[in-house]
Amino acid sequence: MSKTTTGDLRVAVLGVGVMGADHVARLSSRISGAQVVVVNDYVTEKAEQIAAGIDGCRAVVDPLDAIADPDVDAVVLATPGPTHEKQLLACLEHDKSVLCEKPLTTDIETSLAVVKREAELGKRLIQVGFMRRFDHEYARLKALLDGGELGRPLVMHCAHRNPAVPTSFDSAMIVRDSLVHEVDVTRFLFDEEIVSIQIVKPAANPGAPHGLADPQIAIMRTASGKHVDVELFVTTGVAYEVRTEVVAEKGSAMIGLDVGLVRKTAPGIWGGQIAPGFRERFGQAYDTEFQRWVDAVRVGGTTQDYTDGPGAWDGYAAAAVCEAGVASLNSGLPVEVAMVDRASIDGA
Ligand code: ISE
């Protein structure tokens, strides 16, 4: 598939804001077998500035031109969610593998249309950037559950805390942008769909921006009746904390305890450090996700063919749960998740 003299995969990174610029740096320094050959951003100066710092890379103004470019083998989408549908469909049309940062698209209908289009092609080209699946701790938890040692999982308790969020963050984004990770984690760990969700709003943090319903408690139920609760608190002012505890028939298991180095110093101080943000906490997960994606695409597949990489269906399922979550945020009541049966889509 790749045509560089080194045999590297030639990648276009679309959207070079915080996340996209991180991915460009990752692909250019820590990932082997890939070269960033094209970058694009609606802020053209930003794309030009990044391209200027990378050998053999150029800025392309139109994202659809970047996707169609014959010198591009594969695409990373870190563009705003509302642009994803068009860009994903273009990747499918041009037969290019694409690693798409969440969300797949911004509503269920367009997400389903993308799932169907990919299924019609009979080829998995889309991977969604649910990076937690590649985190060592989540991978160990998954292996433990799959190994059966703990028996049947029954309940999961999660905490998802951010020190702060941008001022543009609203209450629905706590569901769509933050909770979406636990939605995918639930589906990944338990291998089943989520059928209902309720969002409970405790008294808001006085330190949160006016009108932001923070914290929120999400209560989800899976198809087989497992219970999942998630505390979402995105204005703690402390650090980045993501904890997950699964309680099963024969025991329980917990990850995300932040027990790296524990230090004891005078006068009687005991403790360690917590990651300041998601990029630090999940840096390893992003690197593993990208390396596996590059390796798989170079041999003509996607990580779904080789590992448990999340695909378009996982993006659609997450969108459906979040849609129900936002409805519950507004009504306060449990809401059933409405999604089509996977078996009804040939090849999905
Ligand atoms: C952000 O978009 C992420 O994906 C982070 O992992 C999450 O912790 C944060 O709440 C989101 O805003």
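**Exercise 1. Find the residues that touch the most other members of the largest nonpolar core, and say where this core comes from.**

Start with the hubs: in this core of 80 residues, they are Ile126, Leu179, Leu189 and Met220. A nonpolar core here is a set of buried Ala, Val, Leu, Ile, Met, Phe, Trp, Tyr and Cys residues joined through side-chain atoms within 4.5 Å, with buried meaning under 20% relative accessible area (1.4 Å probe, protein chains only). Next, look at helix 11 (residues 312-331), which gives the largest share, 11 residues. Helices are DSSP runs of H or I, at least four residues, and strands are runs of E, at least two, numbered from the N terminus. Then check the domains: at least three residues come from each of domain 1 (9-132 + 283-310) and domain 2 (136-276 + 320-342), with bounds from an automatic or database domain assignment.

Keep in mind that this is a predicted model: local features need pLDDT of at least 70, side-chain atom pairs count only at pLDDT 80 or more, and totals for chains, interfaces and linings use all residues. Residues are numbered from 1 along each chain as its sequence is written, and side-chain values use heavy atoms, leaving out hydrogens and water.

**Exercise 2. Work out which residues make the contact between helix 6 and helix 7.**

First, place the pair: helix 6 (residues 136-147) and helix 7 (residues 171-190) have axes 9 Å apart. Now list the contact (heavy atoms within 4.5 Å): Tyr138, Leu141, Lys142 and Leu145 of helix 6, with Val185, Phe188, Leu189 and Phe190 of helix 7.

**Exercise 3. Find the residue opposite threonine 244.**

Go to strand 12, where isoleucine 255 is the partner.

Notes
Buried < 20%, exposed > 50% of the residue type's maximum accessible area, 1.4 Å probe, protein only. Pairing = 2+ DSSP bridges. Axes fitted to C-alpha atoms, helices over the stretch in contact; angles between N-to-C directions.
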